[in-house]
Amino acid sequence: MTYIAQPNATTIAEAVQRLRNGRPVAFPTETVYGLGADARRVEAVEAVYRMKGRPADHPLIVHVADPDDVRAWALKVPRSAERLIETFWPGPLTLVLARAAGVPDAVTAGQATVAVRMPEHPVAHALIRAFGGGLVAPSANRYGCTSPSRAEHVHDEFKDSDLLILDGGACQVGIESTIVDLSGAEPAVLRPGRVTVEALQEALGADVAAGPVAFERPRVSGDRARHYAPSTATVLKSADAIESADLRRADVFVVARTLKPGEIKPERWAQLPVDPEGYARGLYAALRQADRAGCSKIWVEQPPSGPAWRAINDRLKRATTPSDADEGPRAGRLR
Ligand code: TXA
Ligand code: MG
């Protein structure tokens, strides 16, 4: 049976027991909820892949509770990594580094690098500490679907499994961590997030590429064109286009930012904050609400561009179909 538990000494101990038995446990982080498992145990890591329906060639992030623990996973910690750790850990930043000997292939998908992050959420911290080792934790959703930013989202994804979900409330950041690759000649952001390229550049005093630099880079699962996707066809639309449509007749759910609902039914409208932090925090809950509403389309009011919106626009691009032209019903859920 899958159930949500309030984190306390008893439920953390129960979670640790499950992890020691090789079973996944879902826990909150400041970005999104993770599906945690013992990163040293191949069967435990494989159970996470199975549960998510995730292809085996998509590596996982190792979550640690202390900055020094990065040394247990990385072959060496370059000066640039030390700098970013000092500046951004604990927090929504994942570092890709050359992997240490003995890191299971199941974690890195056989690559020569490993991704490590120290989350800021107190429940994540308490769980990793109590467990006493690194936890792999992909976002706690089925492969290709919207990431969970609340405990109930995880419950919705894995209702029929046997999963303990530690409830840490709504995630503060709301979208996945920034991933920066420090294993190459030049630092490169593989997945944008709350920590921007500009902030990384400032901390490093060096250039950071805003995308993969070399011809062939490690694969990032979010790098697929479609990801983070609701099952309902979802389109980005300008505020003007939404305003000029006859919303009372259209079978649409609107995810708005500056627009106000007017005459549309409240059950077909989600209002997100105008600022990027607030918007990111509410985005996945709004997409899930939109998906449940049973409309034939979801329209998302196009947010602004610029550095603070880059990660949000990245996720929206992957969650939506490019234009009205291919707005037709989805061929099926993405896995
Ligand atoms: O915010 C987050 O990072 C959340 C929370 C739970 O910590 N986790 C998360 O995990 O988003 P996941 O598995 O959904 O996404 C991890 C991403 C994947 O796109 C994966 O390909 C990439 O990290 N990744 C992992 N190891 C890598 C490596 N060695 N090189 C390049 N990318 C890597
Ligand atoms: Mg994910």
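**View 1. Arg41 and its partner Glu43.** Arg41 comes out as partly exposed at 27% relative accessibility, a label for anything between buried (under 20% relative accessible area) and exposed (over 50%), using a 1.4 Å probe and protein chains only. Its partner Glu43 is also partly exposed, at 47%. The two form a salt bridge, with the closest N and O atoms 3.3 Å apart; the term asks for a side-chain nitrogen of Lys or Arg within 4 Å of a carboxyl oxygen of Asp or Glu. By that rule the count is 16 salt bridges.

A word on what you're looking at: this is a predicted model, where local features need pLDDT of at least 70 and side-chain atom pairs count only at pLDDT 80 or more, while totals for chains, interfaces and linings use all residues. Residues are numbered from 1 along each chain as its sequence is written, chains are lettered from A and ligands numbered from 1 in the order in which they are written, and side-chain values use heavy atoms, with hydrogens and water left out.

**View 2. Arg18 reaches Asp162.** Here the side chains of Arg18 and Asp162 meet in a salt bridge, 3.5 Å from N to O. The pair ties together distant parts of the chain, 144 residues apart: Arg18 belongs to helix H1 (residues 9-20), and Asp162 to the loop between helix H6 (151-157) and S8. Helices (H or I, at least four residues) and strands (E, at least two) are DSSP runs, numbered from the N terminus. Arg18 is buried at 9% relative accessibility, whereas Asp162 is partly exposed at 37%.

**View 3. Glu86 and Arg83 on helix H3.** These two sit 3 residues apart in helix H3 (residues 79-88), so about one helical turn separates them. Their side chains meet in a salt bridge of 3.0 Å, N to O. Glu86 is exposed, with a relative accessible area of 51%, and Arg83 is partly exposed at 33%.

**View 4. Glu176 and its surroundings.** Look for Glu176 in the loop between strand S8 (164-166) and strand S9 (178-181). Glu176 is buried, with just 4% relative accessible area. Its side chain makes a polar contact of 3.0 Å with that of Tyr284 and another, at 2.7 Å, with that of Arg315. A polar contact is a pair of N or O atoms within 3.5 Å; within protein, one must be able to donate a hydrogen and the other to accept it, and residues adjacent in sequence count only if both atoms are side-chain atoms. Beyond neighbours within four places in sequence, Glu176 is in contact (heavy atoms within 4.5 Å) with residues including Thr31, Ser147, Arg191 and Tyr228.
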